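Me: I have a structure to read and little practice. Can you take me through it, feature by feature?

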Amino acid sequence: MPAAAFHPHCSVAEEGLGMKPEFWLYVWLRKVGIVAAHIISLGLTIFITLLSRPGTSLFSWHPVCMSIGFSLCMTEGVLLFSSEGSPFCFQSRKGKVQLHWVLQALVAIAGGTGLGFIVASKNVSERPHLTSWHSLLGVATLVAVGCQVLCGVCLLFPKRVSSVARLRLYHATCGLVTYLLATGTLVLAMCSDWFQGTIKGALWYVCVLLLLCPALVVMNQITNAYLPTYQRRRSRYESDHI
């Protein structure tokens with residue numbers, strides 16, 4: 001049999017998925033999207049930190065902690081598993097998992113710290129809690145992060161898990177839901193009086209659109225990594241029970 005033709009723009013994984021070499025443009029656009037997600041997540045974190053002027057009030061630390069945790073660390077914690085456009089693409093699987101754990105632990109720490117600052121700020125100003133969609137969705141996001149941490153702990157000790165592959169699939173799926181919850185919370189934060197009091201007009205729409213870009217890249221990465229695996233297992237299960 002003739003050897004398979006090699007194409008510089010078509011990786012082994014893409015060949016296995018049946019991707020033809022003429023789709024190299026799609027491959028490069030995906031790489032550009034991943035690089036853009038890295039830049040945007042870091043840029044938005046720096047932008048919100050400068051906008052918050054940390055130290056001027058208790059509240060000023062809330063957007064700083066939340067942007068570091070959910071815009072930067074959570075995004076990097078997912079994208080580091082990408083084989084394209086990631087600065088950690090040369091790391092081993094074990095190294096990536098360990099780094100993923102560090103980043104997600106920072107998400108939980110930053111989220112808890114940001115929650116503490118906003119609670120303290122509202123207590124000092126004697127304002128009621130949980131009165132906006134932003135706060136309600138933010139609490140739901142923190143709860144989801146806590147559940148993901150527990151799921152991650154179970155994956156660290158697989159001997160006590162009956163089906164590691166299924167738990168890993170659930171972890172990835174729930175992780176995507178958690179990321180989308182975090183993105184929705186950040187979008188609602190941009191709808192607040194605090195943010196719109198400074199950022200207005202076309203620049204506000206640019207900020208929202210930039211925030212959605214990493215979410216689309218993360219969603220594409222998780223579905224491409226786990227949906228084909230799930231479909232193969234489902235087909236194998238159905239064929240075994242015919």
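Reply: We will go through helix packing, then one loop residue. This is a predicted model, in which local features need pLDDT of at least 70, side-chain atom pairs count only at pLDDT 80 or more, and totals for chains, interfaces and linings use all residues. Residues are numbered from 1 along each chain as its sequence is written, and side-chain values use heavy atoms, with hydrogens and water left out.

Me: How do I read two packed helices?
Reply: Use the angle between their axes and the distance between the axes. Here, helix H4 (residues 93-125) and H5 pack at about 150 degrees, with axes 11 Å apart. That makes H4 roughly antiparallel to H5 (angles over 145 degrees count as such).

Me: Which residues of H4 and H5 make the contact?
Reply: Contact means heavy atoms within 4.5 Å. H4 gives Trp101, Val107, Ala108, Gly111 and Leu115. H5 gives Leu142, Val145, Val149, Gly152, Val153 and Leu156.

Me: At what angle do H5 and H6 cross?
Reply: Roughly 160 degrees, and their axes come within 9 Å. H5 and H6 are therefore roughly antiparallel to each other.

Me: Is serine 60 buried or exposed?
Reply: Buried means under 20% relative accessible area, exposed over 50%, partly exposed in between (1.4 Å probe, protein chains only). Serine 60 has 3% relative accessibility, so it counts as buried. Its place is in the loop between helix H2 (24-52) and helix H3 (61-79).

Me: What does the side chain of serine 60 reach?
Reply: The backbone nitrogen of glycine 55, at 3.1 Å.

Definitions and conventions:
Helix = DSSP H or I, 4+ residues; strand = E, 2+ residues; numbered from the N terminus. Polar contact = N/O pair within 3.5 Å; in protein donor to acceptor, adjacent residues only side chain to side chain. Axes fitted to C-alpha atoms, helices over the stretch in contact; angles between N-to-C directions. Parallel < 35°, antiparallel > 145°, perpendicular 65-115°, else oblique.
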